[in-house]
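Biologist: Before I rely on any label in this entry, I would like to hear how each one was earned. Could you take me through the reasoning step by step?

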Amino acid sequence: MTGRFKNGILIAAVLALAIIPLIMAGQPSVGPDGIKTELFKGSDDQASATIQTLAPNYKPWFTSLYTPPSTEIESLLFALQAAIGAGFIGYYIGYARGRAKRQIPQMLASHDSPEIRTSGCLFSDKNAERTI
Amino acid sequence: MHIMEGFLPVAHAASWGAVSTLCVGFGLRSISRAVKDKPELKMLLGVSTAFTFILSALKLPSVTGSCSHPTGTGLGAILFGPLAMAPISAIVLLFQALLLAHGGITTLGANVFSMGVVGPIVGYGIYRLGRAVALPTGLTIFLAAALADLATYITTACQLAMAFPDPTGGFSASLVKFLGVFAITQIPLAISEGLLTVLIYSFIQKHSGQELTSLGFNLSGGEERI
């Protein structure tokens, strides 16, 4: 099984795990007030609701210093968080592949080092071409 | 796993804060030691941090009809040991507490403890165990990351049950309720996190073999390869 094939299966499985619940959920039921109930609420919010049923008299004693003014702004900031992470991973992938490409010709030119055969980071560059 | 701002009684918030401060301190020491000896590890440390940034921003739908997010801490725990993820998680959680009103300053200690301490310890423990009983590397990485994710959410449920015991059933009845909110929703997400961690680990292994070797991974024997 090639690396590319294996990576494809991994990515497909992650996508399936995210998409299947969306399909299974169907239509939201309509509440007594005629408004459709919201599906896929955050589990953190549900936990806060559970706290209110367990301890109805509990009042949060501190509120957030800053709350995004709308869900749009909130999703903007979540996207920013993911973008920072994805940006760095992208930088690393480019850096690592570029480094591997530079090293192989050098190593081959100098001498037939056994390191080339054993250290997978150098020799598997051909796979990298296909996997990413 | 984010306990919302103000949703832990003062005594609980302060205790978790104290424990987590200690863990973040130990974590910073372990990171600075690793990086001082081998500056080339900074890149992988950055990758571990970035992975946590991405995964904890992904709110994914789950079979229970609610949404939750993975944590991304398993990768760093496998690479750098369990302590290193406490400060990294603290950075991510602080970002979310200050800018997103997700979690909070008063609950930061409790959230760092579940995401940055318990999750990574479980992940690292599973990883060592998997190696010890010679499970295939891919499976070991998958289990370590998935169970680190799940352990984080179970910890959050325990923290909430301790703070808000059921008026009649006490801690255990309350724990069942909070586990009902967190644990089952989290199972498919933990699987996703395990799969994504295997994906990134296999790339790191392929392209940063030297750094992994300097972290003590025995790649030449082939047994730690995916």
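Modeller: Two residues are said to be in contact if their C-beta atoms, placed from the backbone, lie within 7 Å. The model is a predicted one, and everything that follows is computed from it.

Biologist: With which residues is L160(B) in contact, once its neighbours within four places in sequence are left aside?

Modeller: By that 7 Å cut-off, the partners of L160(B) are A47(A) and I51(A) from chain A, together with I3(B) and F178(B) from chain B. L160(B) is also among the residues with the most contacts inside the largest nonpolar core, a group that further includes I78(B), A86(B), V112(B), A144(B) and L147(B).

Biologist: How many residues does that core have, and which element gives the largest share of it?

Modeller: The core has 89 residues, and helix α6(B), residues 137-163, supplies 15 of them, the largest share. As a general background, nonpolar side chains tend to be buried together in soluble globular proteins.

Biologist: What makes up the contact between the two chains, seen from each side?

Modeller: Chain B contributes 58 residues and chain A contributes 55. On the side of chain B, at least two residues come from each of α2, β1, β2, α4, α7 and α8, with α7(B) giving the largest share at 17 residues. That side of chain B divides into 34 nonpolar, 18 polar and 6 charged residues.

Biologist: How do you know that strand β1(A) pairs with β2(B)?

Modeller: Pairing requires at least two bridges between the strands, and 2 bridges join β1(A), residues 41-42, to β2(B), so the criterion is met. The two strands run parallel, and in β2(B) the bridge partner of K41(A) is S66(B).

Biologist: Which strands of the sheet count as edges, and why?

Modeller: The sheet is open, with 3 strands in the order β1(A)-β2(B)-β1(B) and mixed pairing. β1(A) and β1(B) each have a single partner strand, so one side of each is left without a neighbour in the sheet, and they stand at the edges.

Biologist: How well does the span of α2(B) agree with what its 14 residues should give?

Modeller: At 1.5 Å a residue the expected span is 20 Å, and the end C-alpha atoms of α2(B) are 20 Å apart, so the two values agree. In α7(B), with 38 residues, the first and last C-alpha atoms are 52 Å apart, close to the expected 56 Å; this helix bends by about 45° at I187(B), and a proline, P188(B), follows within four residues.

Biologist: What makes you call α2(B) mostly covered?

Modeller: A residue is buried if 20 or more other C-beta atoms lie within 10 Å of its own, and 10 of the 14 residues in α2(B) are buried. Among them are L44(B), V47(B), F51(B) and I54(B).

Biologist: Why is L8(B) called buried or exposed, whichever applies?

Modeller: L8(B) has 30 C-beta neighbours inside 10 Å, which is over the threshold of 20, so this residue counts as buried. L8(B) lies in the segment before α1(B), and its contacts beyond four places in sequence are I3(B), A13(B), T106(B), T107(B), A110(B) and A163(B).

Biologist: How do A101(B) and A134(B) stand by that scale, exposed, partly exposed or buried?

Modeller: A101(B), in the loop between α4 and α5 of chain B, has 19 other C-beta atoms within 10 Å, which leaves this residue under the 20 needed for burial and therefore partly exposed. A134(B), in the loop between α5 and α6 of chain B, has 9 such neighbours and counts as exposed, because the limit for that label is 12 or fewer.

Biologist: What is noted about the phi angles of A101(B) and A134(B)?

Modeller: Most residues other than glycine have a negative phi. A101(B), although not a glycine, has a positive phi of about 55°, and A134(B), not a glycine either, has a positive phi of about 60°.

Definitions and conventions: Residues numbered from 1 in each chain as written. Chains lettered and ligands numbered in written order. Predicted model: local features only at pLDDT ≥ 70, side-chain atom pairs only at ≥ 80, totals over all residues. Nonpolar A, V, L, I, M, F, W, Y, C, P; charged D, E, K, R; others polar. Core = buried A, V, L, I, M, F, W, Y, C linked by C-beta atoms within 7 Å. Expected span 1.5 Å × (residues − 1). Bend = angle between axes of the 7 residues up to and from the residue.
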